[in-house]
Amino acid sequence: MLANYLKNLRLAKAVPLSTAASQLGNGWSERNGALAKDYVFDDFHQASNFLQRYSDYCQRVNMKPQWSNVYNKVTVQLHNAEAQGVTAKELDAGHYLDLVEKNSKLDVDIEEVLNFAHVVEVARIDVPSKVND
């Protein structure tokens with residue numbers, strides 16, 4: 001009973017794909033039932049750093065990342081299998097990724113700018129705790 005209640009709570013946060021894509025803007029679109037975006041960086045190092053930041057984020061919020069990477073191009077797809085679409089969680093991830101991309105291209109020490117806590121604070125993203133998931 002509690003499991004169903006919690007599942008319904010999560011599903012209540014579902015967002016239609018077209019609405020989610022328009023809320024994110026910045027090149028996000030619907031592809032194959034998911035939100036998708038292509039990121040192009042100056043080189044493989046920037047792309048790799050971006051993927052590492054995304055991986056850290058996914059680990060902290062218990063999200064399964066979907067991406068492909070060829071040299072300096074990273075394609076990200078955001079999808080929630082349980083909701084059969086996207087939820088507020090995927091929207092937060094999209095905002096996070098856009099902020100990481102923006103800061104990846106600055107000519108600054110990447111470790112100072114892109115630590116997880118700083119990006120979450122700047123983006124004002126609510127990162128749920130894994131406790132009681």
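1. Just after helix H3, Asn-62 adopts a positive phi of about 60 degrees. Helices here are DSSP runs of H or I with at least four residues, strands are E runs of at least two, and both are numbered from the N terminus. Please keep in mind that this is a predicted model, where local features need pLDDT of at least 70, side-chain atom pairs count only at pLDDT 80 or more, and totals for chains, interfaces and linings use all residues. Residues are numbered from 1 along each chain as its sequence is written, and side-chain values use heavy atoms, leaving out hydrogens and water.

2. At the N-terminal end of H3, Asp-43 acts as the cap, with a side-chain oxygen 3.2 Å from the backbone nitrogen of His-45.

3. The length of H3 (residues 44-61) checks out: its 18 residues should span 26 Å at 1.5 Å a residue (taken times one less than the number of residues), and its end C-alpha atoms are indeed 26 Å apart.

4. Buried residues of H3 (under 20% relative accessible area, 1.4 Å probe, protein chains only) include Phe-50, Leu-51, Tyr-54, Tyr-57 and Val-61.

5. Now to the sheet, which is open, with 4 strands in the order S2-S3-S5-S4 and antiparallel pairing (at least two DSSP bridges between two strands). Strands S2 (29-31) and S4 (66-70) are at the edges with a single partner strand each, so one side of each has no neighbour in the sheet.

6. Strands S3 (residues 34-40) and S5 (residues 73-78) run antiparallel and are joined by 6 bridges; Ala-36 has Gln-77 in S5 as its bridge partner.

Key:
Buried < 20%, exposed > 50% of the residue type's maximum accessible area, 1.4 Å probe, protein only. Polar contact = N/O pair within 3.5 Å; in protein donor to acceptor, adjacent residues only side chain to side chain.
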